[in-house]
There are 2 protein chains.
Amino acid sequence: MEFLEEKENLVEQITELIVAKKYQTIKETLSELLPPDLAELLHEIQHDVNKEDFLIAFRLLSKELAADVFVEMDSDTQELLIQAFSDKELEEVLQNIFLDDTVDIIEEMPANVVRRIMRQSSPEMRIMINKILKYPDDSAGSVMTIEYVSLRETMTVAEAFARIRKVGIDKETIYNCYVVDSGSKLLGLCTVKNLLLADQNTLISDLMETNVVSVNTLTDKEEAAQTLGKYGFMALPVLDQEERLVGIITYDDAIEVIQDENEEDFLKLAGTSPTDTPYLKTSIWSLFKNRVPWLLILMISATFTGMIISSYETTLAVSITLTACIPMIMGTGGNAGSQASVTIIRSIALGEVEFRDALKVIWKELRVSLLLGITISVACFGKLLLIDKLHTIDNGMLIALVICLTMLATIILAKLVGCILPLLAKVCHLDPAVVANPFITTIVDVLSLLIYCFIAMQLLGGIA
Amino acid sequence: MEFLEEKENLVEQITELIVAKKYQTIKETLSELLPPDLAELLHEIQHDVNKEDFLIAFRLLSKELAADVFVEMDSDTQELLIQAFSDKELEEVLQNIFLDDTVDIIEEMPANVVRRIMRQSSPEMRIMINKILKYPDDSAGSVMTIEYVSLRETMTVAEAFARIRKVGIDKETIYNCYVVDSGSKLLGLCTVKNLLLADQNTLISDLMETNVVSVNTLTDKEEAAQTLGKYGFMALPVLDQEERLVGIITYDDAIEVIQDENEEDFLKLAGTSPTDTPYLKTSIWSLFKNRVPWLLILMISATFTGMIISSYETTLAVSITLTACIPMIMGTGGNAGSQASVTIIRSIALGEVEFRDALKVIWKELRVSLLLGITISVACFGKLLLIDKLHTIDNGMLIALVICLTMLATIILAKLVGCILPLLAKVCHLDPAVVANPFITTIVDVLSLLIYCFIAMQLLGGIA
């Protein structure tokens, strides 16, 4: 928090120091900041001051810090830096970042930059990069890190510590150590806490936990992140199809996956294609592209509501009140539907509800919608008499009845559509969040208007 | 994943074993499961089989496991268990769970159960519980744990390890150790990784990192969780108003906070009051209570749209097409508005956008809405001619012009309202997610109808 308040001052300070060529002072100031803050600071210098000062400041970072800051930057800045790097600088950065971060960067870079990165990587690293790149985008394999500490069953606690001390410095987490056999098959888990609290001569095989929860490289990354969250694990082992340990997902990667997936769901529910760029950095053009399809679909699908209104012209002509209530009925239907759909979509996303619960869900929504429908209809009746004074006009009570019956039916139907569609989407392997909007809105709009006109026709048909 | 597939079988197996009184076998079967899975399994036995079998199964768990499983259960089940516990059983469970979990449980229990819990707690524990209970519901203090490992500057690495070995077993995490002075002032951070990779005689003061990011007990818990996520920390120290270290927030608590807050935002956006019970366990009555206020507000506020339509009766009477297009215009406006509002609400929640960015945001949305407005209007013009054959009716082209101009104006206005209102809510210290719905929908509905009727009046006034 303190950093955010100081950011403006720091930008100014660093820029002045660069002009004064006081490089040692800059180096000391920067070395006191943490990588995510440094990335933000350099981003400000790059955009608000100039590119040269930004490059000078970046090059003043120590090797390790430079690599950590590089990982935190957005892909445009990373590309700019790689273009500016000498081969040696690129090699140094690549040596100091974790392999899963390298893969993340490669996925965002244009082909010529990828070729340069590959050229500066060691042959073993290239093989591993290519392996991770092959996992599908949303799989556990694509977010795992392959840098973990492995132990053998036959080691003692003292030997395990010796191994951790030897290999630990390059590993993303050393606190969960995985016990594997010579064929990389996962045998157990040993935490550093277990090791620290045990006697130095204890055998790992006596200490390790053998009941280890794991996921597969092809498991959905959101499912993997939720598994980690459910058990409160620090890391989750990832096995390949032959049950060999190939990597781990750490808690910080899981937090990122959860946040990203939530963002995507939010944007989908609002009828926007997801993007992973922060709003202020998203271009006008990509905001336009993400939003325009849904607006178009909604507009075109409104042809149906238009057709319904046109064809019931004579019935609606009985009173302007009937027309005047269309927005209220459609609005209530839309809102009632989205209350149900968002609740169900989230329950599916959290693994609380599955397709086999469909009947339970429908039964629950049916009862809730009956309660809601009756309450809202009665309130609506009151409003029509008290505010709109409907009893003073011709056929006023009959019109009020039409409107209230429609409200009741609309709320029940909207809730049922709202809970069934996401479940159907799930069973058809579609994303429940995408069907919610504008699909459900359109269906509920059409249904509620049809009900409205049908009831009006039945009760007021003789008058029209 | 494997557990979920086996759950049904396990329930059956355990129930049969209870009938056969094979308690030792049950004990062994249960001890192989992890606490969250055990909680789920016992929940199934409680609800689908019977309460007695559930209590028998729970009592067969080892003390430590029973405490871990207890923490994972929902509050109804916890209450049932506490009622069934002897004083000794309750004391044992309380001794084996972390203090922050005890506080979470107390917050959900009725007064008589809270009194029993307090009676079974040690006097020191009671003081600490009361202290944590005093922090506001959404503060970092309310989610922190007070069980952390503290070190002194003057210790050597070997002494630090001795201390971790001595106190570590009861601490939620031992991997981040905090260096404090005699007044509990936070001086630095030492990870177990640092300790393991250092020489045994190194002084903690030489090893510790002094630039430690911390939050205050009164910091919003979501902000604290995001700070932890941003830096990828395993734990985040929490200081009181006098800058003394009073607790830490661990990564697993942070994941929970992030998930809970996201759920709340989802439900608020859908016009439902948030609840922390899983959907299938939420009662009909509380679903009703959470949903009815928004539906009522929306219905009542629709009085305005009704009034507008009534008062422009003669203008709308020029052609049924004008009435038939009302749903399309309001739908597009609502959708355009929520695209903007949800994007901005999320950007605010993630700390990407603040009130001081208001002008940037408005300028961005203005340009995007112009692009979108022109595209949709042109497409709408095409639809009106090709699908609705508007050029074949009287004044058709003029009516098409009214509709398309309204679409353009509505999209621009909806986007502006959608981005300004959440920012205003933020600056007024209101929750941006709550104003989004049904507030923005209603305002956009009224505005778009007013524009529609106004433009129709101007262009078609002579005809009506």
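Here are three short exercises with worked solutions on a predicted model.

**Exercise 1. A helix pair in chain B**

Task: Work out how helix H3 (residues 35–49) and helix H4 (residues 51–59) of chain B are oriented to each other, and which residues make the contact.

Solution:
- Step 1. Start with the geometry. Two packed helices are described by the angle between their axes and the distance between the axes. For H3(B) and H4(B), the angle is about 160 degrees and the axes lie 7 Å apart.
- Step 2. Classify the angle. Angles over 145 degrees count as roughly antiparallel, so H3(B) and H4(B) are roughly antiparallel to each other. Their crossing is right-handed.
- Step 3. List the contact. H3(B) contributes B:Leu42, B:Ile45, B:Gln46 and B:Val49, while H4(B) contributes B:Lys51, B:Asp53, B:Phe54, B:Ala57 and B:Phe58.
- Step 4. Sort these residues by character: six are nonpolar, one is polar and two are charged.

**Exercise 2. Strand S5 of chain A**

Task: Is strand S5 (residues 235–239) of chain A enclosed or open, and which strands does S5(A) join?

Solution:
- Step 1. Check burial, where the cut-off is under 20% relative accessible area. Five of the five residues of S5(A) are buried, so the strand is largely enclosed by the rest of the structure.
- Step 2. Look at the side chains. In a regular strand they alternate between the two faces of the sheet. In S5(A), A:Ala235, A:Pro237 and A:Leu239 point one way, and A:Leu236 and A:Val238 point the other way.
- Step 3. Follow the parallel partner. Strand S4 (residues 215–216) of chain A runs parallel to S5(A) and is joined to it by two bridges; A:Asn216 stands opposite A:Leu239.
- Step 4. Follow the antiparallel partner. Five bridges link S5(A) to strand S6 (residues 245–250) of chain A, with A:Pro237 opposite A:Ile248.
- Step 5. Inspect the turn. S5(A) and S6(A) form a hairpin with five residues between them, and A:Glu243 in that turn has a positive phi of about 65 degrees.

**Exercise 3. The sheet S1-S2-S3 of chain A**

Task: Find the edge strands of this open sheet and the helix that packs on it.

Solution:
- Step 1. Read the order. The three strands run S1-S2-S3 in chain A, with mixed pairing.
- Step 2. Pick the edges. Strand S1 (149–151) and strand S3 (186–191) of chain A each pair on one side only. From one strand to the next, the twist averages 35 degrees.
- Step 3. Zoom in on one pair. S1(A) and strand S2 (residues 176–180) of chain A are parallel, over three bridges, and A:Leu151 stands opposite A:Val179.
- Step 4. Add the helix. Helix H12 (residues 157–167) of chain A packs on the sheet and touches S1 and S2; its direction makes about 155 degrees with that of S1(A).

Notes: Residues numbered from 1 in each chain as written. Chains lettered and ligands numbered in written order. Predicted model: local features only at pLDDT ≥ 70, side-chain atom pairs only at ≥ 80, totals over all residues. Heavy atoms only, no water. Axes fitted to C-alpha atoms, helices over the stretch in contact; angles between N-to-C directions. Helix = DSSP H or I, 4+ residues; strand = E, 2+ residues; numbered from the N terminus. Parallel < 35°, antiparallel > 145°, perpendicular 65-115°, else oblique. Left-handed = near helix turned anticlockwise from the far one by under 90°. Contact = heavy atoms within 4.5 Å. Nonpolar A, V, L, I, M, F, W, Y, C, P; charged D, E, K, R; others polar. Buried < 20%, exposed > 50% of the residue type's maximum accessible area, 1.4 Å probe, protein only. Pairing = 2+ DSSP bridges.
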